[in-house]
Amino acid sequence: MDFDQVPDYVSPQDYSYDSFPPATDAPIDMKTLTPSLTPSYPTVTLNIPYAIKSDKTLHLHVITPPITPDSPSSFPLIMWVQGSAFHKQSLGNHMAHLIEVAKHGYVVAMVEYRWAPDDPFPAQIKDLKTATRFMLQHASEYHVDPNRYLAWGDSSGGHTVTTAVVTSNMKQFNDEDASIFPLHYAACVDYYGPTDISRMNKVPSTQDHVTAHSLEGEFFGTQNLYDVPKLVQTGNPITYITDSAKLPPFLIMHGNKDRLVPFEQSVLLYQALK
């Protein structure tokens, strides 16, 4: 292009990709690359509002696998709950890891839940179910197979997913009418989540799990857990595991030197499921 003869104004036109004129400039030493234009990385959509509860707008980060002409039209869905000791989450903590998961053919929805002490148990369990229904209602938009979805969480998120799965359609753990929109999680992945929180200070730990202003005390309404044993057991997912309960497969993972959530918590869950 002769830059001395550049027009003052070129009117915008509604070009297609094919009709748009290619640049013809060729600076000295310019290298021409011909990369593949087939998508190879997941797509991340941040801060999707899925509900307003307790005057809080709750959000999802959604990671979608690469969509190519050869890829399936929909993918199984992982509802991921980031642990936060039941308080406000750093929602994107595991974004990099979960992008790697999405590469293997999963849609991942990272769920923001209401947090203690403002919103105690069972707000978090209800929020996961609301978020799950949102994703199923928008399945085509996010390339989700609505018949294949699971819940996965770490630490307090592990408690949230485990409790949500074992109480899937119980009225007291849903903000929606589960008889109209029941949930059927295909699996539960629990990374070192608490279960029977009343036992957490009965084995070695590096922190207080019992008093009213402990993290767990605030989760149960800023109360000393030993003063409200019945309430604490309503928040124990093991309470809802019975011989007649129809439950999906569980994967439980836990380090045997966990200083915050005792390893015993996962052993108790495993024994109850067996």
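**Note on side-chain contacts in a predicted model**

1. A network of salt bridges links K53, R114, K126, D127 and D175. The model in which this network appears is a predicted one. In the structure as a whole, 12 salt bridges are found.

2. Within the network, R114 and D175 deserve attention. These two residues form a salt bridge in which the closest N and O atoms are 3.5 Å apart. R114 belongs to the loop between β4 and α2, whereas D175 belongs to the loop between α3 (156-166) and β6 (188-191), so the bridge ties together parts of the chain that are 61 residues apart in sequence. The two partners may also be described by their accessibility. R114 has a relative accessible area of 9% and is buried, while D175, at 39%, is partly exposed.

3. The loop between β4 and α2 also supplies E112, whose side chain meets that of K88 in a salt bridge with an N to O distance of 3.7 Å. K88 is placed in the loop between β3 and α1 (95-103), and the pair links distant parts of the chain, 24 residues apart. E112 has a relative accessible area of 12%; because buried means under 20%, this residue counts as buried.

4. K88 has a further contact, with an aromatic ring. This lysine lies over the face of W115, at 4.0 Å from the ring centre. K56 also lies over the face of W115, in its case at 4.9 Å from the ring centre.

5. Another salt bridge joins the side chains of E264 and R199, with 2.5 Å from N to O. Which parts of the chain does this pair link? E264 is in helix α6 (residues 264-273) and R199 is in the loop between β6 and α4, 65 residues apart. R199 is partly exposed, its relative accessible area being 32%.

6. Aromatic contacts form a second theme. A search of the whole structure gives 11 aromatic pairs. One of them consists of W80 and W152: the ring centres are 5.2 Å apart and the planes stand at 90°, so the pair is classed as edge-to-face. W80 lies in strand β3 (residues 75-81) and W152 in strand β5 (residues 144-154), and the pair thereby links distant parts of the chain, 72 residues apart. Are these two tryptophans buried or exposed? W80 is buried, with a relative accessible area of 3%, and W152 also counts as buried, at 14%.

7. F121 and F219 form an aromatic pair that is likewise edge-to-face, with 5.7 Å from centre to centre and 65° between the planes. F121 is in the loop between β4 (107-111) and α2 (123-137), and F219 is in helix α4 (residues 215-219); the two are 98 residues apart. Both F121 and F219 are buried. Ring pairs also place these two phenylalanines in a cluster with F86, F173, F220 and Y240.

8. The final point concerns the largest pocket, which has a volume of about 150 Å³. It is lined by 13 residues, and those closest to its centre are V165, V166, S168, K246 and L247. What is the character of the residues in this lining? Nine of them are nonpolar, three are polar and one is charged.

Methods. Residues are numbered from 1 along each chain as its sequence is written. This is a predicted model: local features need pLDDT of at least 70, side-chain atom pairs count only at pLDDT 80 or more; totals for chains, interfaces and linings use all residues. Side-chain values use heavy atoms; hydrogens and water are left out. On a 1 Å grid over the protein atoms alone, a cavity is a set of points where a 1.4 Å probe fits but cannot get out, and a pocket is an open set with protein on both sides within 12 Å along at least five of seven lines; lining residues have an atom within 4 Å of a point. Grid points are joined across faces, edges and corners, and a volume is the space filled by probe spheres set on the points. Ala, Val, Leu, Ile, Met, Phe, Trp, Tyr, Cys and Pro count as nonpolar, Asp, Glu, Lys and Arg as charged, and the others, Gly among them, as polar. Rings of Phe, Tyr and Trp (its six-membered ring) pair if their centres lie within 6.5 Å; planes under 30 degrees apart count as stacked, over 60 as edge-to-face and the rest as tilted. Helices (H or I, at least four residues) and strands (E, at least two) are DSSP runs, numbered from the N terminus. Buried means under 20% relative accessible area, exposed over 50%, partly exposed in between (1.4 Å probe, protein chains only). A charge sits over a ring if NZ of Lys or CZ of Arg is within 6 Å of the ring centre and within 35 degrees of the ring normal. A salt bridge is a side-chain nitrogen of Lys or Arg within 4 Å of a carboxyl oxygen of Asp or Glu.
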